[in-house]
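Me: Could you take a close look at the sheet in this one and walk me through how the strands pair and what sits against them?

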Amino acid sequence: METEQPTPSAPPAPQEGYRAWIVLFVVIGLVLAVDQGAKRLVLAQMAYGETVQPIAALVPYLQITLTENRGAAFGFLPQGGDIFLVIAFVVVAVMLVLYPRLGANAWASRIAVGMVCGGALGNALDRLQYGAVVDFVHLQIPGLVSNVSNFADHAIVIGVFILVVQSWRTDGQQKRNLNAAEVE
């Protein structure tokens, strides 16, 4: 008698499920701690608009410039702060609801969800505390791009990138499995 093998997207076993939730909350906590700690340090040491060049060899590519952002990424919709606060909480809620649907071995996706949630909550805390998102990581390629962001933004971007890559890999594997099944 054949034993049915669980599919890759099957929900985790109960003990595995607890571990998955612990991973999520640890990642969220780490992102929040690094982001909020760095922001507090920068706010305590610098004035808005001030630029510091901690590593001379990296100037002008990497500097610390304290700014605030009342809108979305790149200053888009500067009067939309309240909307983005609500969006951040909705994104976190949706991710928490969908989180149990991740496959038992989807650890990269679990970490990525934690990064996105932690980043969204970090920026939401800024909006609640300061009325704007605190940005300070000034990345610049002269003549091409100049952007001031924060660690929460970076966690969101990296997390979304991981989720897209994992989704792409999963879709590719499912198509290969489907094609193999059709050949048999």
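**The sheet and the helix on it**

Reply: Start in the middle: strand β2 (residues 62-69) and strand β3 (residues 133-141) run antiparallel to one another and are joined by six bridges. Strands here are DSSP runs of E with at least two residues, helices are runs of H or I with at least four residues, and both are numbered from the N terminus; two strands pair if DSSP finds at least two bridges between them. This is a predicted model, where local features need pLDDT of at least 70 and side-chain atom pairs count only at pLDDT 80 or more, while totals for chains, interfaces and linings use all residues. Residues are numbered from 1 along each chain as its sequence is written, and side-chain values use heavy atoms, with hydrogens and water left out.

Within that pairing, Leu62 has Leu139 of β3 as its bridge partner, and Ile64 stands opposite Val137 in β3. On to the next pair: β3 and β4 are antiparallel as well, with five bridges, and His138 is partnered with Val148 in β4. The β3-β4 hairpin has three residues between its strands, and Gly143 there has a positive phi near 80 degrees.

Put together, the four strands make an open antiparallel sheet in the order β1-β2-β3-β4. Its edges are β1 (51-52) and β4 (145-149), each pairing on one side only. Now for what sits against it: helix α3 (residues 107-130) packs on the sheet and touches β2 and β3, a contact being heavy atoms within 4.5 Å. The direction of α3 makes about 125 degrees with that of β3; the axes are lines fitted to C-alpha atoms, for helices over the stretch in contact, and angles run from 0 to 180 degrees between N-to-C directions.

One residue of α3 is worth a stop: Asn123. Asn123 counts as buried because its relative accessibility is 10%, the cut-off for buried being under 20% relative accessible area with a 1.4 Å probe, protein chains only. Its side chain makes a polar contact of 3.1 Å with the side chain of Asn150. (A polar contact is a pair of N or O atoms within 3.5 Å; within protein, one must be able to donate a hydrogen and the other to accept it, and residues adjacent in sequence count only if both atoms are side-chain atoms.) Leaving out residues up to four places away in sequence, Asn123 touches Lys39, Val133, Asn150, Ala152, Asp153 and Ile156.

For the wider setting, the chain reads α-β-β-α-α-β-β-α along the sequence.

Note on methods:
Buried < 20%, exposed > 50% of the residue type's maximum accessible area, 1.4 Å probe, protein only.
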